[in-house]
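Please open the structure in your viewer and keep the selection tool at hand. We will go from one selection to the next, pausing at each to see what is there.

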Amino acid sequence: MNGTTGNSTNGNGANGNNFGQLLNLVRASLVKDLRLEWRSKDAINSMLFFALLVVVIFSFSFDPTAEDSRHIAGGILWVAFLFAAVVALNQTWAREMRNQVLDAFRVSPAPPLALFLSKVLANFLFVGILESLMAPLFVVFYNLNSVGPVYQLLITGVLGTWALVVNGTFFAAMSLRTRSREVMLPLILFPISIPAVLAMVQATTAVLTGEASPRFWMTLLGVYDVVFTLVCVLLFETVLQAE
Amino acid sequence: MVDATSNPIPAAALRAVSKHFGRFAALKKITAEFAPSRLYVVLGENGAGKSTMLRTLAGLMRPTHGHVELLGSSDLAAARPRLGYMAHPSLLYDELSALENLQFFAQLYGMGSPATTEARCQEVIRMVGLDPTLQRPVGQYSQGMKQRTSLARALVHDPELLLLDEPFSNVDVQSAQAMVGLLGKMRDTGKTIFVVTHQLPLLASAGDEFIWMTSGQIIARTAEPVPPQTAAGDAFGSEVRL
């Protein structure tokens with residue numbers, strides 16, 4: 001070995017110009033994250049317990065069989081997912097800070113975008129799994145049945161989850177080097193997410209009650225996703241390389 | 001050994017580099033050039049700026065003033081594929097085995113097919129004296145094994161420039177000597193190696209140049225592992241007895 005392997009990544013290698021290479025790196029990092037989560041179960045366990053607690057506590061606080069439970073279910077659902085997602089989002093970077101593994105990534109030629117996208121996808125999967133497990137519980141606890149089309153709920157779920165994880169992953173990275181990062185993340189994330197949360201809740205409530213069209217809120221959520229994904233992608237390298 | 005004088009481009013250069021943390025100056029206007037194909041041993045008491053200098057060379061810290069050149073370029077990002085860095089922490093995932101860790105990091109360097117990558121990872125793990133078939137997660141390794149796996153991680157992409165921060169801490173003498181032997185061989189094949197250490201006796205014969213640091217400055221560069229006489233007296237007395 002005489003340096004050829006290292007040099008081979010110059011120019012068109014792992015420097016981000018080659019889309020195929022970027023995808024390979026995203027896949028490698030995603031597989032690594034899934035493997036780490038599979039072995040530690042740090043994020044998924046804490047998320048599940050947290051979301052379950054929120055659902056149960058709210059079901060005791062309100063009368064779940066009341067006529068207007070459909071009107072509040074959207075809000076409760078997304079608040080539970082938002083709080084639970086924060087648990088996963090904090091874990092995602094804590095893992096990289098243990099043993100300062102992030103430094104190994106920073107000295108490598110791999111583009112930061114690969115790391116960011118893999119983290120977003122991993123979190124999207126984790127939160128998606130949580131939502132899939134919790135949704136049936138919501139239906140049971142709040143005696144829900146959708147008046148509007150269910151596919152609209154699914155689209156709202158995907159767009160809303162993306163909004164949470166893309167911002168959450170970015171702001172979790174931003175708060176990495178702060179002293180009390182677990183507190184810092186919700187402090188930064190929640191205000192930024194207000195438009196998205198509003199759109200998620202309104203769209204979900206609209207579908208559940210069938211009283212209004214959710215299209216406006218779904219469009220708003222879509223636009224929010226596009227704008228914030230672009231901003232996060234563009235700024236992530238600066239955040240990663242910050243001291 | 002590769003002749004260092006045949007290559008006029010320094011492997012690394014610091015040009016009036018200062019690094020401040022608030023009002024504290026960790027590095028004070030350091031200007032130095034380091035020829036390639038040499039093994040540099042960086043010495044100094046705690047807080048002398050050794051690790052800060054290494055992190056600045058690695059591009060993990062931006063100098064407050066001055067600039068760094070690596071392998072003939074001041075674009076540190078361009079030098080990253082040719083740079084290997086080992087820090088005091090292991091930079092490894094505790095939940096993964098040594099092979100899984102190395103395979104992941106090798107992929108960051110785009111080292112080719114999965115078969116090639118795996119073969120190279122196994123080779124490097126053997127080079128540092130570990131068994132690549134070991135399935136245990138790194139978190140269950142002894143500190144010495146972690147250090148050796150960490151060295152393997154820094155070597156996996158066969159870098160031209162190696163920056164090693166305390167590579168022998170918590171490593172038993174026999175393994176440390178084997179690691180020094182490996183570093184010597186790498187230097188002989190043209191690699192440039194910086195080793196920050198408090199264990200000078202281990203590198204006394206292998207090192208080509210000894211860089212002595214105090215209070216954020218390089219106060220001397222010697223060809224022999226002999227401490228310089230400082231105005232403050234015997235600043236290195238406690239760590240250079242051979």
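The tour below goes through a helix, its neighbour, the nonpolar core and the contact between two chains.

Bear in mind throughout that this is a predicted model.

Begin by selecting residues 69-97 of chain A, which form helix α4. This helix has 29 residues and reaches 42 Å from its first C-alpha to its last, close to the 42 Å expected at 1.5 Å a residue. Just after α4(A), select Asn99(A), which takes a positive phi of about 60°.

Next, add residues 42-61 of chain A, helix α3, whose axis comes within 9 Å of that of α4(A) and crosses it at roughly 160°. Angles over 145 degrees count as roughly antiparallel, and α3(A) and α4(A) are therefore roughly antiparallel to each other. Their crossing is right-handed. Where the two helices meet, show the side chains of α3(A), including Phe50(A), Val54(A) and Phe58(A), together with those of α4(A), among them Phe81(A), Ala84(A) and Val87(A).

Now turn to the largest nonpolar core, which has 143 residues, and select Ala85(A), Leu221(A), Leu102(B) and Phe194(B), the residues with the most contacts inside it. Helix α4 of chain A, already selected, gives the most to this core, with 13 residues. What does Phe194(B) touch, leaving aside residues up to four places away in sequence? Its partners are Tyr40(B), Val42(B), Leu54(B), Leu162(B), Leu163(B) and Leu164(B).

Finally, colour the two chains separately and look where 32 residues of chain A are in contact with 33 residues of chain B. On the side of chain A that touches chain B, α2(A) gives the most, with eight residues.

Conventions
Residues numbered from 1 in each chain as written. Chains lettered and ligands numbered in written order. Predicted model: local features only at pLDDT ≥ 70, side-chain atom pairs only at ≥ 80, totals over all residues. Core = buried A, V, L, I, M, F, W, Y, C linked by C-beta atoms within 7 Å. Buried ≥ 20, exposed ≤ 12 C-beta atoms within 10 Å, placed from the backbone. Helix = DSSP H or I, 4+ residues; strand = E, 2+ residues; numbered from the N terminus. Contact = placed C-beta atoms within 7 Å. Expected span 1.5 Å × (residues − 1). Axes fitted to C-alpha atoms, helices over the stretch in contact; angles between N-to-C directions. Parallel < 35°, antiparallel > 145°, perpendicular 65-115°, else oblique. Left-handed = near helix turned anticlockwise from the far one by under 90°.
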